[in-house]
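Here is a short note to read beside the structure. Keep the viewer open and check each point as you go.

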Amino acid sequence: MAEEERGICVRDVAADAFIKAYAEHLKNSDKFEAPVWADLVKTGTFKQLAPYGDDWFYIRAASIARKVYLRPGLGVGALRKWYGGAFRNGVRHQHFTKASAGIIRNVLIQLENMKVCETCEGGGRRMTRVGQQDLDRIANAVFRETEE
């Protein structure tokens, strides 16, 4: 029997390669744009400085889109926990702190406006059919690129 050609989804591609490709897609899209405060804000209270890269907002947005694709029903609170980190208190004990909710909420709202994700009835977000096709198309391109 001939070997069937199966569809490539986001799960089949390395995370870093997919996130770079989707971040580039978001950057070139005219529907998604970084807010004016993106160069001033920290990603969490546990950080001392804002991110250095110019594209950090698009990379974070691509990462959030991938997370929502892989785990439907994910909300702002769960994503805050995922992107959180250790708050270091100098010589005192360090404790876990959640990431900034404003950045995550802004990304999710923009992805909803692009019709990539939608709100679930039980809370959280999930991918729309158009968003899933979009992410799968980019994952397929990344898979073909790494295959060569």
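1. Which side chain meets that of arginine 137 in a salt bridge? The partner is aspartate 134, with N and O 2.3 Å apart. Bear in mind that this model is predicted. Both residues belong to helix H5, and because they are three residues apart, about one helical turn separates them. An α-helix has 3.6 residues a turn, so residues three or four places apart point the same way.

2. Stay with aspartate 134. Is aspartate 134 buried or exposed? Its relative accessibility is 13%, so aspartate 134 counts as buried, the cut-off being under 20%. Setting aside neighbours within four places in sequence, aspartate 134 is in contact with Tyr22 and His25. Tyr22 is also one of the buried residues of helix H1.

3. Now look at H1 itself. Helix H1 runs over residues 15-28, which makes 14 residues. Its end C-alpha atoms lie 20 Å apart, and this agrees with the 20 Å that H1 should span at 1.5 Å a residue. Phe18, Ile19, Tyr22, Ala23 and Leu26 are its buried residues. Why do they sit on the same side of H1? Because they cover an arc of only 130 degrees around the axis.

4. Turn H1 around. The face away from the buried side carries Asp16, Lys20 and Asn28, which are exposed. What covers the buried residues of H1? The cover includes helix H2 (56-70), helix H4 (101-113) and helix H5 (129-147).

5. Alanine 17 gives a second view of H1, the helix in which it lies. Alanine 17 is partly exposed, at a relative accessible area of 24%. Find phenylalanine 143, which is 126 residues away from alanine 17 along the chain. In space, the C-alpha atoms of alanine 17 and phenylalanine 143 are separated by 9.0 Å.

6. H4 deserves the same check. H4 has 13 residues. From first C-alpha to last, H4 reaches 18 Å, close to the 18 Å expected at 1.5 Å a residue. Its buried residues are Ala101, Ile103, Ile104, Val107, Leu108, Gln110 and Leu111. They pack against H1, H2, helix H3 (76-82), strand E3 (117-119) and E4. Just after H4 comes lysine 115, with a positive phi of about 65 degrees.

7. Where is arginine 125? Arginine 125 has its place in strand E4 (residues 125-127). Despite its charge-bearing side chain being a point to look at, keep to the numbers: arginine 125 is buried, with a relative accessible area of 12%. Residues up to four places away in sequence aside, arginine 125 touches Val68, Pro72, Gly73, Leu74, Leu108, Glu112, Glu118, Thr119 and Cys120. Of these, Leu108 is among the buried residues of H4.

8. How many salt bridges does a search of the whole structure find? The search finds six. One of them joins lysine 27 and aspartate 55, whose closest N and O atoms are 2.7 Å apart. Lysine 27 is in helix H1 and aspartate 55 is in the loop between H1 and H2, so the pair ties together parts 28 residues apart in sequence. Lysine 27 is partly exposed at 38% relative accessibility. Aspartate 55 is partly exposed too, with a relative accessible area of 29%.

9. Another salt bridge brings together the side chains of glutamate 118 and arginine 126, at 2.8 Å from N to O. Glutamate 118 is partly exposed, with a relative accessible area of 31%. Arginine 126 counts as partly exposed at 27% relative accessibility. Which residues form the network? Salt bridges link Glu118, Glu121 and Arg126.

10. Last, the cysteines. How many disulfides does the structure hold? Zero. Why does cysteine 9 have no bond to cysteine 117? The closest cysteine sulfur to that of cysteine 9 is in cysteine 117, and at 18 Å the gap is too far for a bond. Cysteine 117 is in no disulfide either, since the nearest cysteine sulfur, in cysteine 120, is 9.2 Å away and a disulfide needs sulfur atoms within 2.5 Å. Cysteine 117 counts as buried, at 3% relative accessibility.

Note on methods. Residues numbered from 1 in each chain as written. Predicted model: local features only at pLDDT ≥ 70, side-chain atom pairs only at ≥ 80, totals over all residues. Heavy atoms only, no water. Buried < 20%, exposed > 50% of the residue type's maximum accessible area, 1.4 Å probe, protein only. Helix = DSSP H or I, 4+ residues; strand = E, 2+ residues; numbered from the N terminus. Expected span 1.5 Å × (residues − 1). Arc of directions from axis to C-beta. Contact = heavy atoms within 4.5 Å. Salt bridge = Lys/Arg side-chain N within 4 Å of Asp/Glu carboxyl O.
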